[in-house]
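I set out to record, entry by entry, what I looked up in one structure. The notes are kept in the order in which I made them.

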Amino acid sequence: MISLIDNISKKMNTIEKIYKKLLEIYGPQGWWPLIEINGTNPTKTGSINGYHQNDYSYPRTKNQQFEIILGVILTQNTSWPQVEIALKNLKKNSLLSPKKITEKNINLIKKSIKPAGYYNQKSERIITVSKYFKSLKKTPSRDEILSIKGIGPESADSIMLYAFKIPEFIIDAYTKRIMKALGLISENAKYDKIKEIFERSIKKDTKIYQEYHALLVEHAKHYYKKGSDFKKDPLLKLLTS
DNA sequence: TTCCAGGCAATAC
DNA sequence: GTATTGCATGGA
């Protein structure tokens, strides 16, 4: 006898299956972390506070929205703990608002964000984005922010999804690595192609997109660090069973 | 010491 | 159009 559960699981596509499994393993992630929120999950590596599991109401203020945008730029090819230090420095120097950051000396910005690396490039990018954000009247389109120098596809999608709550699926290095290991994409699959696979497979929903991306990052930190053995990934068994 | 991290733009072919 | 390179810090 085929149970209802079996039927559902057979109909469920691979991308949905992975999402359910990851959520089951790790639970809700509470992204995007904000330094202003009191800590709810002290176990998260590198995080002092700011995660908000099961609460999708953030950002609640313009400054939180701005902080997310700066975090997106600062985390380009950089680990989150370093970004957190940079954000705290910016806050300490009263630079966590678009108005203030465009008024202050670039050297103070560079000094603040130095722990996050690439500080010459990132300071320019932060100033450019701050000027743009300061004069922003309504939610921008993806293409609009993608045209800003220093904002590529991943940063654009991250800003849309976490700062503006628009459902754009984010593809990052971890996501690519996982998808390749599972045999779901080819070696040279391009950003837009991978994004399409996810967006075609799951409900177009901001909360799900936010959660799924965060779960993929968390999962990758367990099984997909460079040089580690992908074959230990429990998702491999999930897909072959 | 060497390698890597929640990319991106410029340049080379 | 696709591949390579520079950007930079701090942790593993």
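The entries below cover conventions, domains, the DNA strands, a helix pair and the backbone.

**Entry 1: conventions.** I note that this is a predicted model, in which local features need pLDDT of at least 70, side-chain atom pairs count only at pLDDT 80 or more, and totals for chains, interfaces and linings use all residues. Residues are numbered from 1 along each chain as its sequence is written, chains are lettered from A and ligands numbered from 1 in the order in which they are written, and side-chain values use heavy atoms, with hydrogens and water left out.

**Entry 2: domains.** I looked up how chain A is divided and found domain 1 (1–33 + 169–241) and domain 2 (57–164). These bounds come from an automatic or database domain assignment. The centres of domain 1 and domain 2, taken over C-alpha atoms, are separated by 27 Å. To their contact, domain 1 gives 15 residues and domain 2 gives 13 residues; contact means heavy atoms within 4.5 Å.

**Entry 3: DNA strand B.** Which residues come nearest to DNA strand B? I found W32, G150, G152, S155 and Y174, out of 26 residues around the strand. A residue is near a molecule or strand if one of its heavy atoms lies within 4 Å of it. Of the atoms of DNA strand B that come within 4 Å of the protein, 66% belong to sugar and phosphate.

I then listed polar contacts, that is, pairs of N or O atoms within 3.5 Å; within protein, one atom must be able to donate a hydrogen and the other to accept it, and residues adjacent in sequence count only if both atoms are side-chain atoms. A polar backbone atom of G150 is 2.8 Å from a phosphate oxygen of DNA strand B. An N or O atom in the side chain of R177 is 3.2 Å from a phosphate oxygen of this strand. The elements that give two or more residues to the surface near DNA strand B are α7 (119–134), α9 (153–163), α10 and α12. Helices (H or I, at least four residues) and strands (E, at least two) are DSSP runs, numbered from the N terminus.

By class, I recorded eleven nonpolar, eight polar and seven charged residues on the surface near DNA strand B. Ala, Val, Leu, Ile, Met, Phe, Trp, Tyr, Cys and Pro count as nonpolar, Asp, Glu, Lys and Arg as charged, and the others, Gly among them, as polar.

**Entry 4: DNA strand C.** Around DNA strand C I found N77, Q82, K114, P115, G117, Y118, Y119, N120 and Q121. Sugar and phosphate make up 55% of the strand C atoms that come within 4 Å of the protein. A polar side-chain atom of Y118 lies 2.2 Å from a base nitrogen of DNA strand C. For N120, a polar backbone atom is 2.8 Å from a phosphate oxygen of DNA strand C. Helix α7 gives the most to this surface, with three residues.

**Entry 5: a helix pair.** At what angle do α10 and α12 pack? Helix α10 (residues 173–181) and helix α12 (residues 206–223) pack at about 70 degrees, with their axes 9 Å apart. The helices α10 and α12 are therefore roughly perpendicular to each other. Among the residues in the contact are Y174 and I178 of α10 and L216 and V217 of α12.

**Entry 6: the backbone.** Most residues other than glycine have a negative phi, and most peptide bonds are trans. I noted a cis peptide bond between W31 and W32, with omega about -10 degrees. The peptide bond from Y58 to P59 is also cis, with omega near 0 degrees. N54 is not a glycine, yet has a positive phi of about 65 degrees. I located N54 in the loop between α2 and α3; P59 is found in the loop between α2 and α3.

Definitions and conventions. Axes fitted to C-alpha atoms, helices over the stretch in contact; angles between N-to-C directions. Parallel < 35°, antiparallel > 145°, perpendicular 65-115°, else oblique.
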